[in-house]
Amino acid sequence: MELDRRNVAALAVFNAFRGVAIGGYMALFPMYMRSLGYSMESIGGVIAGASIVMALALPALGAVIDYYGPRRMVAVTGLIAALASIAAAASQGLPGLATSYFLFLLSFMAGQPARMAFLAASVGPERMGRYVGLTSSVFSASHAAGPLAAGIAAEALGYEAAFHSMAFSLAVGTLLFLALSTANNGNGALGGGSLIGRILGSYRRSLKPERRFAGLLAFIALDRAAWTLWFPMLSAHLYSLGYSEAETGGFMTLMGIIRTAAMPGAGILVDRLGSWAAIAGSEALGAIVAAGLALAPGEPMVYAWMALLGFSISLWVPAYNAAVARIAGGSGEAYATANMVRSVTGAPAPYLGGLLYEAVAPWAPFAASSAILAVTVLVAATVLRASESGARGLGPRRRRHRL
């Protein structure tokens with residue numbers, strides 16, 4: 001298919017404005033609730049409740065994206081995120097704050113399938129790796145700047161002004177996206193019919209996916225369980241080893257810098273080697289990092305582990321999105337279903353990792369993760385390789401979206 005560079009540029013511009021606002025909101029919202037006197041239990045309850053609802057709603061969101069078209073829904077998710085920031089600025093009570101976070105998570109969860117479906121329709125599955133890498137690196141860079149910018153704004157002007165500035169950034173980014181982008185036909189697995197029928201069909205297909213897609217979903221479930229045994233508590237683990245807040249932040253920043261810098265090149269590798277090969281490489285690096293953090297957590301080596309972690313993530317992002325496009329057609333429904341599996345299977349693993357950490361030893365969740373990731377390397381090299389090879393030549397399944 002013909003490459004639509006204008007749409008790639010539009011998505012990159014949108015990600016630049018969106019990244020600053022999303023990074024700022026994620027950093028500021030829990031602190032804002034804490035500053036209002038809410039307990040950690042209340043903050044965690046708001047986040048967990050919204051996360052569970054959104055995970056279960058993802059197939060429906062995928063159907064909505066395919067029904068209305070990805071370009072339109074990318075814009076809608078940008079505006080919803082802006083509303084989330086406005087709601088936070090206007091709220092001090094728990095219902096209003098919960099509504100704000102629900103809107104934020106709705107935008108976050110629906111936005112990724114919408115953007116990837118839009119990109120797949122603009123560049124084609126065969127070029128997804130490099131253009132996911134390109135547009136995601138823009139988001140990664142601006143996302144890294146978001147927490148600092150939001151923190152400075154909150155200190156200087158107050159939380160309300162900081163949230164309003166995020167809403168403004170999102171509104172500007174959304175308007176620029178609509179002005180720069182052009183309508184495309186999109187691609188997806190669904191045909192005609194009512195929206196309700198499509199939603200019901202989406203849930204039915206998520207429970208009984210096609211064989212190739214089922215293999216990818218099984219891999220995703222295993223992968224998420226392995227990574228989330230330790231990744232969500234990595235900063236807490238480093239802090240517990242005696243590193244200061246500044247040192248821990250420096251480790252995380254190093255990871256983010258390498259992830260951002262390496263992602264465009266990693267995307268090119270995905271297209272040249274195949275998404276399965278890039279995923280296998282990412283998982284292998286992840287297994288090395290997890291084992292390294294368990295066996296050699298001293299300061300000189302932690303820098304090496306964080307650098308490798310940045311490379312691993314830089315490979316994973318374009319490879320995962322390219323795999324969904326090549327194996328499952330790249331529709332909004334396909335991305336939403338894959339994300340649902342990631343959300344559901346990743347939810348209990350941090351708790352299990354915490355249990356291993358406290359009941360056995362700090363190295364236990366890292367060792368368990370490393371062993372599972374070694375298995376996922378083999379799964380990527382066999383199951384995903386066969387699925388991607390089997391999908392070649394079939395081309396993406398298409399239908400016309402109303403844009």
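**Helix packing in a predicted model**

Helices α4 and α5 lie oblique to each other, a class that takes in the angles left over when those under 35 degrees count as roughly parallel, those over 145 as roughly antiparallel and those from 65 to 115 as roughly perpendicular. The axes of α4 (residues 94-123) and α5 (residues 128-157) cross at roughly 130° and come within 10 Å, where an axis is a line fitted to C-alpha atoms over the stretch in contact and angles run from 0 to 180 degrees between N-to-C directions. This crossing of α4 and α5 is right-handed, meaning that the near helix is turned clockwise from the far one by less than a right angle, whereas an anticlockwise turn is left-handed. The contact (heavy atoms within 4.5 Å) is made by Met-116, Leu-119, Ala-120 and Val-123 on the α4 side and by Met-128, Tyr-131, Val-132 and Thr-135 on the α5 side. Sorted by class, these comprise 7 nonpolar residues, 1 polar residue and no charged residues, with Ala, Val, Leu, Ile, Met, Phe, Trp, Tyr, Cys and Pro taken as nonpolar, Asp, Glu, Lys and Arg as charged, and the others, Gly among them, as polar.

The model is predicted, so that local features need pLDDT of at least 70 and side-chain atom pairs count only at pLDDT 80 or more, while totals for chains, interfaces and linings use all residues. Residues are numbered from 1 along each chain as its sequence is written, and side-chain values use heavy atoms, with hydrogens and water left out. Helices are DSSP runs (H or I, at least four residues), numbered from the N terminus.

Helix α4 also packs against α1 (residues 5-35), at an angle of about 160° and with the axes 12 Å apart. That angle makes α1 roughly antiparallel to α4, and the crossing of the two is left-handed. Among the residues that make the contact are Asn-7, Leu-11, Phe-14 and Arg-18 of α1, together with Tyr-101, Phe-104, Arg-115 and Phe-118 of α4. The contact of α1 with α4 has 17 nonpolar, 4 polar and 2 charged residues.

Another pairing joins α3 (residues 70-89) and α6 (residues 159-180), whose axes come within 8 Å and cross at roughly 170°. Helices α3 and α6 are therefore roughly antiparallel, and their crossing is left-handed. Participants in the contact include Arg-71, Val-74, Gly-78 and Ile-86 of α3, and Glu-160, Phe-163, Leu-170 and Phe-177 of α6. The class count for α3 with α6 is 14 nonpolar, 4 polar and 2 charged residues.

Thr-182 is placed in the loop between α6 and α7 (195-207). Its relative accessible area of 23% makes Thr-182 partly exposed, the class between buried (under 20%) and exposed (over 50%), computed with a 1.4 Å probe on protein chains only. Apart from neighbours within four places in sequence, Thr-182 is in contact with Asp-4, Arg-6, Asn-7, Arg-71 and Phe-118. Thr-182 and Asp-4 are separated by 178 residues in sequence, yet their C-alpha atoms are 8.7 Å apart.

Farther along the chain, 22 of the 30 residues of α12 are buried, so this helix is largely enclosed by the rest of the structure. The 30 residues of α12 (residues 299-328) should span 44 Å at 1.5 Å a residue, which agrees with end C-alpha atoms 42 Å apart; the expected span is 1.5 Å times one less than the number of residues. Just after α12, Gly-329 adopts a positive phi of about 100°. Leu-355, in helix α14 (residues 349-359), is partly exposed, with a relative accessible area of 41%.
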